[in-house]
Amino acid sequence: MAQLSSIVILTGAGVSAESGVQTFRGPDGLWEGHRVEDVATPEAFARDPVLVQNFYNMRRQALSSVNPNAAHEALARLEREFQGDFLLVTQNVDDLHERGGSSNLIHMHGELKRVRCEACGAVMAWEIDLFQETPCPKCTATSALRPHIVWFGEMPFAMHSIEAALASCDLFVSLGTSGNVYPAAGFVNLARNYGRAHTIELNLEPSLGASQFHECRHGPATEIVPAFVEEILEAQ
């Protein structure tokens with residue numbers, strides 16, 4: 001691999017799965033026992049906000065029982081020790097990357113430990129349960145706080161910044177993703193065709209878009225990610 005000056009890494013549910021975080025959508029199509037339409041759309045929140053708030057309260061609570069794994073820690077090491085530009089983009093809404101030591105990252109699908117006020121627009125760190133009657137700490141409006149999560153039908157966060165990084169990087173790595181969720185599934189083509197980056201898939205098994213990558217390495221994230229990071233750092 002040629003000398004690198006800029007790396008963009010995309011992570012998905014496969015990275016957190018080895019920490020015990022359930023992948024949101026199961027093989028039966030349900031999201032932790034619920035239909036997508038019931039818990040992960042703006043229409044669902046308007047129709048039954050109590051159900052949606054409780055769903056995300058349970059997911060937020062579950063974070064206390066999981067910890068970062070070797071893949072999270074290896075990516076944090078890469079950020080610290082790589083001598084060029086580095087950006088980590090995650091589709092995950094958990095906080096395991098942060099707890100693993102990463103800081104230069106974008107949560108394109110939002111974060112479980114943040115809430116947003118639809119009255120004043122404030123985004124706030126949030127650790128406890130959220131209820132419809134909870135007043136906004138900033139503007140005191142009630143029935144205005146919602147999970148800071150990108151639902152189906154909403155635009156992912158920071159897309160301009162992500163696309164700019166993809167266009168200028170010389171290595172793009174997709175890690176632990178299924179390859180069927182857009183726009184993230186299209187990042188490999190942006191990096192490869194627009195930015196001319198070398199592209200690598202690191203995944204438990206080939207994703208739906210595996211053929212679009214220059215190189216694929218498959219196996220458990222806790223094994224292949226530390227080895228990959230070691231290889232990159234040794235080549236500097």
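**Close-up 1. H97 and its surroundings in helix α6.** In this predicted model, H97 sits in helix α6, which covers residues 96-100. How accessible is H97? Its relative accessibility comes to 1%, so H97 counts as buried. If you skip neighbours within four places in sequence, the residues in contact with H97 are T11, V15, H72, L75, L88, T90, S102 and L105.

**Close-up 2. T177 in the loop between β7 and α8.** T177 belongs to the loop that runs between β7 and α8. With a relative accessible area of 10%, T177 is buried. Which residues does T177 touch, once those up to four places away in sequence are set aside? They are L10, T11, G12, Q91, N203 and S207. You may recognise T11 from the previous view, where it was listed as a contact of H97.

**Close-up 3. L130 in the loop between β5 and β6.** Here we look at L130, found in the loop between β5 (123-125) and β6 (145-149). Is L130 buried or exposed? It is buried, with a relative accessible area of 0%. Leaving out neighbours within four places in sequence, L130 is in contact with Q53, N57, R60, V115, L145, R146 and P147. Try finding Y56 too: L130 and Y56 are 74 residues apart along the chain, and their C-alpha atoms are separated by 8.5 Å.

**Close-up 4. A cluster of rings around F55 and Y56.** The structure holds 4 aromatic pairs. In one of them, F55 and Y56 meet edge-to-face, with 5.0 Å from centre to centre and 90 degrees between the planes. Both F55 and Y56 are buried. Ring pairs also tie F45, F55, Y56 and W151 together into a cluster. Now look at W151 itself: R146 lies over its face, at 3.8 Å from the ring centre. R146 is also one of the contacts of L130.

**Close-up 5. The stacked rings of F172 and F213.** Where along the chain do F172 and F213 come from? F172 is in strand β7 (residues 171-175), while F213 is in the loop between β8 (198-203) and β9 (215-218). The two are 41 residues apart, and the pair links distant parts of the chain. Their rings are stacked, at 6.4 Å centre to centre and with 15 degrees between the planes. Both F172 and F213 are buried.

**Close-up 6. Helix α7 packed against helix α8.** Helix α7 (residues 159-168) and helix α8 (residues 187-194) pack at an angle of about 40 degrees, which makes α7 oblique to α8. Their axes are 8 Å apart. Which residues meet here? From α7 come M159, I162, E163, L166 and A167, and from α8 come F187, L190, A191 and Y194.

**Close-up 7. Cysteines C120 and C169.** How many disulfides does the model contain? The count comes to 0. C120 is in no disulfide, and the nearest cysteine sulfur, belonging to C117, is 3.7 Å away. A disulfide calls for sulfur atoms within 2.5 Å, so a pair at that distance does not qualify. C120 is partly exposed, with a relative accessible area of 40%. C169 is in no disulfide either, and for C169 the nearest cysteine sulfur is that of C216, 16 Å away. With a relative accessible area of 2%, C169 is buried.

Conventions
Residues are numbered from 1 along each chain as its sequence is written. This is a predicted model: local features need pLDDT of at least 70, side-chain atom pairs count only at pLDDT 80 or more; totals for chains, interfaces and linings use all residues. Side-chain values use heavy atoms; hydrogens and water are left out. Rings of Phe, Tyr and Trp (its six-membered ring) pair if their centres lie within 6.5 Å; planes under 30 degrees apart count as stacked, over 60 as edge-to-face and the rest as tilted. Buried means under 20% relative accessible area, exposed over 50%, partly exposed in between (1.4 Å probe, protein chains only). Helices (H or I, at least four residues) and strands (E, at least two) are DSSP runs, numbered from the N terminus. A charge sits over a ring if NZ of Lys or CZ of Arg is within 6 Å of the ring centre and within 35 degrees of the ring normal. Axes are lines fitted to C-alpha atoms, for helices over the stretch in contact, and angles run from 0 to 180 degrees between N-to-C directions. Angles under 35 degrees count as roughly parallel, over 145 as roughly antiparallel, 65 to 115 as roughly perpendicular and the rest as oblique. Contact means heavy atoms within 4.5 Å.
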